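Trainee: Before we use any descriptive terms for this model, I would like to test each of them against its definition.
Mentor: Then let us look at the structure and take the terms one at a time.

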Amino acid sequence: MGNPIIGVFADTMRCRQGSFGDVDRQYINAAYINAVAEAGAVPFIIPVSSNQEKNRKLIDLCDGLLFPGGEDIDPRYYGENPHPNLGEIRPEVDEFLFHSFLYALEQRKPALGICKGMQMMVVAMGGSLYQDIYSQRECETFLHCQSGRRSYRLHQVQIEKESRLFQILGTEQIATNSMHHQSVRTLGKGLRVSAQTEDGIIEAVESPDGRLIGVQWHPEEMVPDSESMKLLFLNLVKRASV
């Protein structure tokens, strides 16, 4: 079928445009686009929109989907009030991603979720999050929100040997970067844990059929120097090519 099309969901931001005031922008980090393209697919940016009919038409054009990282998820999606340590949320983006994922699930589109993208998968399937792991978990919690170089490998992740993720990466342990203060608390229906850190943070989830795979870290930032991280994007392209 040639090079599959991978839809990558955009985010929004407001920027200062010199002396001309603020301007609203939609964007996606270049690292996602580069990782998808290097894996042999055609990246296709899906802009944030409240028009679900148009969003569904754009998703229909795609063979696979990438749900990227971003800001915190509004806790109303899993029935909670905001915690004092909840970070910035963007309601229009959450609504866009939530309904887009549900439609993608209905259409059986293969997908890769990264950081917030994985969390949205969990929430859309009925799971919940720690709004802030440092204040809501009772056990010891390592540093999970690194500063400095985004490709730096902060900690080790233990991978379940019976998981699809193990089949992709071929190892039971891998060093990853980490840029989050929210994490999965309870799993959504139809998902299972495929990796976690030593302090018990869920680092990867998947559906038993392998159609949905989510990771808490940012593999796109490590792709230039990591053959292992490239495998995640190659696998998405492979799943989208079937």
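**Terms and their grounds**

Mentor: In this predicted model, Asp 74 touches Ile 89 and Asp 94, once residues up to four places away in sequence are set aside.
Trainee: What makes these count as contacts?
Mentor: A contact requires heavy atoms within 4.5 Å, and Ile 89 and Asp 94 are the residues that Asp 74 touches under that rule.
Trainee: Where is Asp 74 found, and why is Asp 74 called buried?
Mentor: Asp 74 is found in the loop between strand S5 (64-67) and helix H3 (91-106). Buried means under 20% relative accessible area, and because the value for Asp 74 is 12%, Asp 74 is buried.

Trainee: How do you know how H3 and helix H4 are arranged with respect to each other?
Mentor: Two packed helices are described by the angle between their axes and the distance between the axes. Here the axes of H3 and H4 (residues 116-124) come within 10 Å and cross at roughly 65 degrees, and the crossing in which H3 passes H4 is right-handed. On the H3 side the contact is made by Val 93, Asp 94, Leu 97, Phe 98, Phe 101 and Leu 102, and on the H4 side by Lys 116, Met 120, Met 121, Val 123 and Ala 124.
Trainee: How does this contact of H3 with H4 divide by class?
Mentor: The contact of H3 with H4 has 9 nonpolar, no polar and 2 charged residues.

Trainee: Why is one space called a cavity and another a pocket?
Mentor: A cavity is a set of points where a 1.4 Å probe fits but cannot get out, whereas a pocket is an open set. With a threshold of 30 Å³ or more, the count comes to 1 cavity, and the largest cavity has a volume of about 50 Å³. The largest cavity is lined by Phe 9, Ala 10, Asp 11, Pro 68, Gly 69, Gly 70, Val 93, Leu 97 and Lys 116, a lining that divides into 5 nonpolar, 2 polar and 2 charged residues.
Trainee: And which residues lie nearest the centre of the largest pocket?
Mentor: Gly 69, Gly 70, Glu 71, Met 179 and His 218 do, out of a lining of 21 residues, and the largest pocket holds about 310 Å³ of space. By class its lining has 8 nonpolar, 8 polar and 5 charged residues.
Trainee: What is the volume of the second largest pocket, and which elements give two or more residues to its lining?
Mentor: The volume of the second largest pocket is about 160 Å³, and the elements are helix H6 (164-169) and helix H8 (227-240).

Terms used
Residues are numbered from 1 along each chain as its sequence is written. This is a predicted model: local features need pLDDT of at least 70, side-chain atom pairs count only at pLDDT 80 or more; totals for chains, interfaces and linings use all residues. Side-chain values use heavy atoms; hydrogens and water are left out. On a 1 Å grid over the protein atoms alone, a cavity is a set of points where a 1.4 Å probe fits but cannot get out, and a pocket is an open set with protein on both sides within 12 Å along at least five of seven lines; lining residues have an atom within 4 Å of a point. Grid points are joined across faces, edges and corners, and a volume is the space filled by probe spheres set on the points. Ala, Val, Leu, Ile, Met, Phe, Trp, Tyr, Cys and Pro count as nonpolar, Asp, Glu, Lys and Arg as charged, and the others, Gly among them, as polar. Helices (H or I, at least four residues) and strands (E, at least two) are DSSP runs, numbered from the N terminus. Buried means under 20% relative accessible area, exposed over 50%, partly exposed in between (1.4 Å probe, protein chains only). Axes are lines fitted to C-alpha atoms, for helices over the stretch in contact, and angles run from 0 to 180 degrees between N-to-C directions. A crossing is left-handed if the near helix is turned anticlockwise from the far one by less than a right angle, and right-handed if clockwise.
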